[in-house]
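This briefing covers selected charged pairs and one helix residue. Have the sequence and the model at hand while reading.

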Amino acid sequence: MTTDSLTDVAGLRVGHATRVGDGWLTGTTVVLAPEGGAVAAVDVRGGGPGTRETDALDPRNVVQRVEAVVLTGGSAYGLDSASGVVAWLEERGRGVRVGPDPAHVVPVVPAACVFDLGRGGDFKARPDAATGRAAVEDAARTEPFTPVVEGNVGAGTGAVVGSFKGGVGSASVRLDSGITVAALVVANAAGSGVDPGTGVLYGRYFEGRPVRYPAPEVHEEALRRLAEAAAENGPPPLNTTLAVVATDAELTKAQAQKLAGTSHDGMARAVRPVHLLNDGDTVFALATGERALAAEKPLALNEILAAGADMVTASITRAMLTARSVKTPGGTFPAYLDVYEPSGN
């Protein structure tokens with residue numbers, strides 16, 4: 001039995017901290033690696049990223065493994081949430097050993113943020129170190145292979161994709177080799193996740209099955225509702241889509257970086273346009289090393305690279321299908337299913 005989410009990669013756990021109401025519409029999501037960490041890499045392609053510790057993931061640099069990855073709302077302010085995760089890991093002696101005492105560790109916790117400032121009504125309502133600690137504690141409480149909670153949670157709480165409410169989505173696949181590849185996405189893009197000519201989610205064009213199109217009258221009504229919401233919300237704000245792509249394969253840091261890079265292809269399929277100057281699109285890759293690549297197949301990595309992109313596309317679709325409509329003093333953000341559900345799409 002699988003969860004069809006990131007936690008199908010054995011040892012990974014996911015936790016969320018969510019803040020809503022009284023001006024809040026934001027949160028933090030933590031991907032917690034197995035004790036001892038996972039090989040990690042990153043590829044940043046958006047023109048306006050907000051990140052922390054990404055230089056440590058360069059294959060030329062010394063850090064090989066990380067204990068956690070933080071995805072957070074709050075734009076650059078929200079990166080403070082990683083400090084709470086660092087403190088939690090230090091208390092447990094988890095991190096890079098830097099001295100003779102087992103307690104002498106420095107947890108390297110890469111983080112990236114999405115822009116959701118003011119969407120709940122209060123520009124100053126954003127995640128902090130306490131939010132990060134709450135998210136990692138939530139991850140630590142989960143049992144192995146607990147399905148990822150999707151939709152308006154964690155870093156996806158205030159997420160928006162074009163004119164629609166975004167959120168957290170996740171998906172996984174087990175390859176014929178037995179290797180698992182999975183993704184978790186915080187879908188929050190300046191571009192659209194929906195084909196404006198048909199009302200179909202872009203990601204659904206890549207599912208390998210017949211596409212169900214909304215009835216013309218449903219699509220026309222949806223466009224009207226979206227125009228009303230856009231007029232109420234004013235100019236579109238800054239955005240960013242984040243992803244963690246993981247596998248139980250044994251990868252080097254260079255191979256993991258290649259996985260992070262090709263996984264951006266999945267983002268480009270599901271969101272158009274993508275990687276804009278006002279996006280901070282970032283993909284992290286994690287490899288737990290439980291399964292070796294076939295030594296007799298020098299191109300064995302290719303199927304993992306292709307699957308990473310596929311899982312990012314599927315995760316963005318899941319994020320938009322599990323999101324719920326939100327109306328706050330900061331704006332009106334309709335969910336895709338609330339607008340198009342009459343079509344049965």
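Which residue does the side chain of D43 meet in a salt bridge? The partner is R45, with N and O 2.8 Å apart. The model is predicted, and a search of the whole of it finds 14 salt bridges. Three of these pairs are described below, followed by a network and a residue in helix α6.

**The D43–R45 pair**
- D43 has a relative accessible area of 15%, so the residue counts as buried, the cut-off being under 20%.
- R45 has a relative accessibility of 37% and counts as partly exposed.
- The salt bridge therefore joins a buried acidic residue to a partly exposed arginine.

**The E228–R224 pair in helix α4**
- The side chains of E228 and R224 form a salt bridge with an N to O distance of 2.5 Å.
- Both residues belong to helix α4, which covers residues 216–233.
- E228 and R224 are four residues apart, which is about one turn of the helix.
- E228 is partly exposed at 46% relative accessibility, and R224 is also partly exposed, at 40%.

**The E91–R92 pair and its network**
- Salt bridges with shared partners link E91, R92, R133 and E137 into one network.
- Within the E91–R92 salt bridge, the closest N and O atoms are 3.4 Å apart.
- This pair meets the salt-bridge criterion because the cut-off is 4 Å and the N and O atoms are 3.4 Å apart.
- R92 has a relative accessible area of 40% and is partly exposed.
- E91 reaches 52% relative accessibility, so E91 counts as exposed, the cut-off being over 50%.

**A319 in helix α6**
- A319 is part of helix α6, which covers residues 301–322.
- Is A319 buried or exposed? A319 is buried, with a relative accessible area of 0%.
- Leaving aside residues up to four places away in sequence, A319 touches G167, V168, G169 and A187.
- A319 and A183 are separated by 136 residues in sequence, and their C-alpha atoms are 12 Å apart in space.

**Points to check in the viewer**
- For the D43–R45 salt bridge, look for the 2.8 Å N to O distance.
- For helix α4, look for E228 and R224 about one turn apart.
- For A319, look for the contacts with G167, V168, G169 and A187.

Note on methods:
Residues numbered from 1 in each chain as written. Predicted model: local features only at pLDDT ≥ 70, side-chain atom pairs only at ≥ 80, totals over all residues. Heavy atoms only, no water. Buried < 20%, exposed > 50% of the residue type's maximum accessible area, 1.4 Å probe, protein only. Helix = DSSP H or I, 4+ residues; strand = E, 2+ residues; numbered from the N terminus. Contact = heavy atoms within 4.5 Å.
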